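This briefing covers selected helices, one sheet and two individual residues. Please read it with the sequence and the coordinates open alongside.

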Amino acid sequence: MIKTIPRRRIYFAPGAMGLVARGAGAGGRRKLEGLIAGRGFKNPLATVSGRAGLRLLLETSGMPPGREVLVPAYTFGMVYPAIAASGFVPVAVDIAPETFQISPEAARRALTVKTGAVLATHIFGEPCDILELEKMARASGLALIEDCAQAFGATLNGRPAGTFGDAGFISLDKSKPLQGIQGGVIFGNDAEWLGRARERAESAGPPESASRLKFAAAAVEDFAVGSPAWRAAMLLFGYEGARRAIVSAYRRKEGAKTAPEEARAAGSPLMPDLFAELAAMNMEGLDARLARRRKIRDIYREVIGGTLKFQRTAPGAEGSCHMAVALADGDIGKLRLRLALRGVDVAAGDEIADDCLKAPGSNVAAVFSRAITLPMSDRISETDALRAARAVKETASRAD
């Protein structure tokens, strides 16, 4: 049987299984925060998730409730209810069609007297036009929050993404380049703001105990996607009805985590020590793994850059390459089915990101309808990447 090349794999650092078996003592969160600070992020605080961190930042920002937050229209849609649950109004802003990132020009047009903040998302791990957004925020007196959920390790002109704004956050769930099964970290240049966030988080009590079942589930998932049996799931996702049902079920589960009533009843927003320790372990060798991801992305661009239109990256940018996203022509469903038959797993539509503007003729609508993401992980080999790229090149012209 043809080897399956899954779209993602989970990275477990050497010793991760042993750590989970024996458990982590107190101090995992502080250790992770120290490592994050060592990479240039000020005032870090490890949180139970990236979205919980975003809520914590918003709720301690000092903005009056009801203020508008400008958010890219092409992003993970659950960010919007997280903002609403914090008492603010998310406003979808169109993207630049070449970069898939929030457009500074569209953001300027969206400004009103009610605007209080801008969420600058580095989508797919590639730095957005943060310098222009920073200028706009400073000129308009807005808070600038960097969404680095997918971009830890990315830089612009040698400076880490996440250090340009007033505050920012990363996600450490199992899909990310740096993972701790679940969790996140907030940070920021405004020490008073992050001080308020820490005080609120710690006043909610100690973090909940980490569930070993979540680690076990992640290990089982990783085994499954690396097995020939995953081919059946790949084929299933090629049929729109089945794909929509699966994605809808996942989103219902995720939506419950950001509902206003859940936000009010939430426990401690602090990250459990075990998951923090796992993320800290995964910090070792991170730069080498990011370099490999960039190499895989470059292979894709070199082989199929004339067939697909890849996300354009800014000069001087080094992304984390959370995903390798490009635009394809023709029938995306047929393309992914044919690739699945060749053992290449790709994703499309709201498996990648959501169209939160829902305006026909918008830039985000055009990108959303044509985007696919190619296999990308710390564990994919250059040989497999080359095989996947050739399969896409040979198959894309027939997906009509």
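Leaving aside its neighbours within four places in sequence, with which residues is E126 in contact? The contacts of E126 are Q101, R297, Q311, T313, G319 and C321. The model is predicted, and the points below are grouped by topic.

**Surroundings of E126**

- E126 is located in the loop that links β5 to α6.
- The relative accessible area of E126 is 3%; because the cut-off for a buried residue is under 20%, E126 counts as buried.

**Helix α6**

- Helix α6 spans residues 130–140, and its buried residues are I130, L133, M136 and A137.
- Viewed down the axis of α6, these buried residues fall within an arc of 120°, so they line one face of the helix.
- In general, an α-helix has 3.6 residues a turn, so residues three or four places apart point the same way.
- The exposed residues K135 and A139 are carried on the face of α6 that is turned away from its buried side.
- The packing partners of the buried residues of α6 are α5 (104–110), β5 (115–121), β6 (143–147) and β7 (155–156).
- G141, just after α6, has a positive phi of about 70°.

**Helix α12**

- Of the 11 residues of helix α12 (residues 273–283), 10 are buried, so the helix is largely enclosed by the rest of the structure.
- The buried residues of α12 include the charged-letter position E277 as well as L274, F275, A276, L278, A279, A280, M281, N282 and M283.
- Among the elements that cover these buried residues are α1 (16–22), α2 (28–37), α8 (212–225) and α13 (286–304).
- G285 follows just after α12 and takes a positive phi of about 80°.

**Packing of α9 and α14**

- Two packed helices are described by the angle between their axes and the distance between the axes.
- For helix α9 (residues 230–237) and α14, the angle is about 165° and the axes are 8 Å apart.
- That angle makes α9 roughly antiparallel to α14, because angles over 145 degrees count as roughly antiparallel.
- The two helices, α9 and α14, cross in a left-handed sense.
- On the α9 side, R231, M234, L235 and F237 take part, and they meet R336, L337, A340 and L341 of α14.

**L339 within α14**

- L339 belongs to helix α14, which covers residues 332–341.
- With 0% relative accessibility, L339 counts as buried.
- Not counting residues up to four places away in sequence, L339 touches V344, V346, A391, V392 and T395.
- The C-alpha atoms of L339 and A396 are 9.0 Å apart in space, while the two residues are 57 residues apart in sequence.

**The four-stranded sheet and α15**

- Strands of a sheet pair through backbone hydrogen bonds, either parallel or antiparallel.
- The open sheet here has 4 strands in the order β11-β13-β16-β14, and the pairing is antiparallel.
- Its edge strands, β11 (309–310) and β14 (347–348), each pair on one side only.
- Strand β14 is joined by 2 bridges to β16 (residues 371–374), and these strands run antiparallel.
- Across this pair, A348 stands opposite I372 in β16.
- Helix α15 (residues 363–370) lies across β13 (324–327) and β16, and it runs at about 50° to β16.

Conventions: Residues are numbered from 1 along each chain as its sequence is written. This is a predicted model: local features need pLDDT of at least 70, side-chain atom pairs count only at pLDDT 80 or more; totals for chains, interfaces and linings use all residues. Side-chain values use heavy atoms; hydrogens and water are left out. Buried means under 20% relative accessible area, exposed over 50%, partly exposed in between (1.4 Å probe, protein chains only). Contact means heavy atoms within 4.5 Å. Two strands pair if DSSP finds at least two bridges between them. Axes are lines fitted to C-alpha atoms, for helices over the stretch in contact, and angles run from 0 to 180 degrees between N-to-C directions. The arc is that of the directions from the helix axis to the C-beta atoms. Angles under 35 degrees count as roughly parallel, over 145 as roughly antiparallel, 65 to 115 as roughly perpendicular and the rest as oblique. A crossing is left-handed if the near helix is turned anticlockwise from the far one by less than a right angle, and right-handed if clockwise.
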